[in-house]
Amino acid sequence: MTIIFKPSPSLPPPVTSVGAVAWVRQNLFSSPLNIFLTFFSAYVIYLLLPPVIQWAFIDATWEGTSKASCTAGGACWAFIAVYFDQFMYGLYPEAETWRINLAVIMLVLMVGAFAIKAVNKLYLSIAIIVVYPIVAYFLFAGGVFGLEKVETSLWGGLFLTVLLGVIGIVASFPLGIVLALGRRSEMPIAKSVCVVFIETIRAVPLITILFMASVMIPLFLPEGLNFNKLLRVLIGITLFSAAYMAEVVRGGLQAIPKGQYEAADAMGLTYWQSMILVILPQALKLVIPGIVNSFIALFKDTTLVYIVGMFDFLGRIQAANHDSNWLGTTVEGYAFAGFIYWAICFGMSRYSMALERKLETGHKRN
Amino acid sequence: MTDTNMARAQLAQGEEAIIEFNDVNKWYGDFHVLKNINFSIKKGERIVVCGPSGSGKSTMTRCINRLEEHQKGTILVDGVEMNNNLKNIEAIRKDVGMVFQHFNLFPHLTILENLTLAPIWVRKTPKKQAEEMAMHYLERVKIANQALKYPGQLSGGQQQRVAIARGLCMQPRIMLFDEPTSALDPEMIKEVLDVMVQLAEEGMTMVCVTHEMGFAKTVADRVVFMDAGEIVEANEPHEFFENPQHDRTQMFLSQILNH
């Protein structure tokens, strides 16, 4: 007689391996060392947190006109409140700052529209990448449709920081991809151009490039052919970041198995088709952590424009610290700067993690 | 031989060669991997290529769609010479489907997208039509219900059947198989071979590198045995297995059949 095999039914896991209690047990109290570290960390938090809260909130002064109004002994947030507009917009005329706000709201709405199903994603992308920058430029610079002209030398504060960061990121990303593909190309001229560019730019500090952009280029260019300093600095930042981006992307390209290239070739896709449809989507997904790393670094590196006389967010805060009414508010200024930078960079990093999860298709199993 | 097989054999006799190797040589650096390959394959023929590893059987097959370049001699596929002319290569690749040992499905695309990619971008088929065709071939390899999954969610045998369907979606005149069952669990080999047998019965020109001798016996019109970069012997399966001419072939067959 044959015996019929029946798989045993699946049972739920034991209660000790799921739920909050299990989490605490596994993560906080799993071993003597872990128990020690848990209590030690709790003690450190107990020592540090109350004084910080005391300083930042309980004893803080929120309103006032000079350092003299801050008498409670805590943080003098009145300094930030008074200078807030300058920190955000630099020397942009106060009556015109609505233009910056409008541009930011437009961008947020457009990016948010990606979440709406009915919207055509292709048109939206074109609107954001092609139309929006033109609209934003005229909003910022003015001089058309009765908008007052605002020189770029007046642009500053967080506005300038975000502008440099966003344009640097958006422009350096495609440039970096092209450089990475060029470096792996079999065409000797394209390959050597890319290698020389990447190795040269990577070997030079960003400050050097910014000096070149702001001081040297105007010297070399003939009279009358000079162009805006902000644009020169932007090009410098973009080229610098692109060289790093190229190497990150190249790492991703090298991680794609040869079989993927062969399968794409074998079905008759052209070089660009196979790169855009098959290789890059996989390679870029693999290096999202590296790409975001570069983006965050770039965003923070933009503070270096202070060196060439542009007052970005941090630059504005440092300048305000020299105000004789507010001497002694350095800590508040830097705390505020640190918090804003942290919030933006942390946001980027969380976004990249969410993106990685969204793009996961389970191919790691192979 | 059944009547249909007979008819096909006669048809094959009358047709001229669809793939022709003339004195083909290839080197990897100093290593002479293909030596004086002279061989032609007729339309509708099913060729099984076997031989020890490193004998050049995969390389020879991959020269047909120029995944590998040969340095000497000529290869004609469908009357087109495979040389550095990109136009020729792209034209031939449209008509030659390929199935790999490790499937090489695109993990970031769904099964359906894997199948429609080449028809849409290379053949410029409208998306809807490409999808209908893809579903048709998925039915044929019996995994239409998996169309919206990703390759990583399928078993090896299922993935390889998808890979075959992907090749067929370009409606190729020739299918190349490079050890299609070597990376599969024993339980899954049969489902892939069944699809290949079905394909062979429909008269597709097939070049198949494989160690599945059962498949060779039932399906192949000719079995090609290679060693050290040369074709040692090529014969009808019955003759090849029962009456191998060459002592190297005899040794190879005794190695793989006697255990």
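Reader: How much space lies in the largest cavity?
Author: In this predicted model, a search for cavities of 30 Å³ or more comes to a count of one. The space in that largest cavity is about 90 Å³.

Reader: Which element supplies the largest share of the lining of the largest cavity?
Author: The lining draws on both chains, with A:A263, A:A266 and A:M267 among the residues from chain A, and B:V96, B:G97, B:M98 and B:R166 among those from chain B. At least two lining residues each are supplied by α10 (258–266) of chain A and by β6 and α6 (156–168) of chain B. The largest share, three residues, comes from β6(B).

Reader: How many residues in the lining of the largest cavity are nonpolar, polar and charged?
Author: The charged residues of this lining include B:R93 and B:R166, while B:F100 and B:M170 are also part of the wall. Sorted by class, the lining has two charged, two polar and eight nonpolar residues.

Reader: What is the strand order of the open sheet of six strands in chain B, and which strands stand at its edges?
Author: The pairing in this sheet is mixed, and the order is β6-β7-β8-β3-β9-β10. One side of each edge strand is left without a neighbour in the sheet, because each has a single partner strand; these edge strands are β6 (96–99) and β10 (230–235) of chain B.

Reader: Which residue of β8(B) stands opposite B:I174?
Author: Strand β7 (residues 174–178) of chain B runs parallel to strand β8 (residues 205–209) of chain B, and five bridges join the two. In this pair of strands, the residue opposite B:I174 is B:T205.

Reader: At what angle does helix α10 of chain B run to β9(B)?
Author: Helix α10 (residues 247–257) of chain B lies across three strands of chain B, namely β3 (46–50), β9 (222–227) and β10. Its direction makes an angle with β9(B) of about 100 degrees.

Reader: Which strands of chain B does α2(B) touch where it packs on the open sheet of four strands?
Author: This sheet has antiparallel pairing and the order β2-β1-β4-β5 in chain B. Its edges are formed by β2 (31–42) and β5 (80–81) of chain B, each with a single partner strand, so one side of each is left without a neighbour in the sheet. Within the sheet, β1 (residues 17–28) and β4 (residues 72–77) of chain B are joined by five bridges, and B:F21 stands opposite B:I75. The direction of α2(B) makes about 125 degrees with that of β1(B), and the strands that the helix touches are β1, β2 and β4 of chain B.

Reader: How many residues of helix α2 of chain B are buried?
Author: The buried residues of α2(B) include the charged side chains B:K57 and B:R62 as well as B:M60 and B:I64. Helix α2 (residues 57–64) of chain B is largely enclosed by the rest of the structure, because the buried residues number eight of eight.

Reader: Which element gives the largest share of the lining of the second largest pocket?
Author: About 1300 Å³ of space lies in this pocket, and its lining has 30 residues, with A:E186, A:D265, A:Y271, A:M275 and B:R93 lying nearest the centre. Two or more lining residues are given by α6 (157–183), α10 and α11 (271–286) of chain A and by α3 (86–95) of chain B. By class the lining divides into 14 nonpolar, eleven charged and five polar residues. The largest share, five residues, comes from α10(A).

Conventions: Residues numbered from 1 in each chain as written. Chains lettered and ligands numbered in written order. Predicted model: local features only at pLDDT ≥ 70, side-chain atom pairs only at ≥ 80, totals over all residues. Heavy atoms only, no water. Pairing = 2+ DSSP bridges. Contact = heavy atoms within 4.5 Å. Axes fitted to C-alpha atoms, helices over the stretch in contact; angles between N-to-C directions. 1 Å grid on protein atoms, 1.4 Å probe; cavity = no way out; pocket = protein on both sides within 12 Å on 5 of 7 lines; lining within 4 Å. Points joined across faces, edges and corners; volume = space filled by probe spheres on them. Nonpolar A, V, L, I, M, F, W, Y, C, P; charged D, E, K, R; others polar. Buried < 20%, exposed > 50% of the residue type's maximum accessible area, 1.4 Å probe, protein only.
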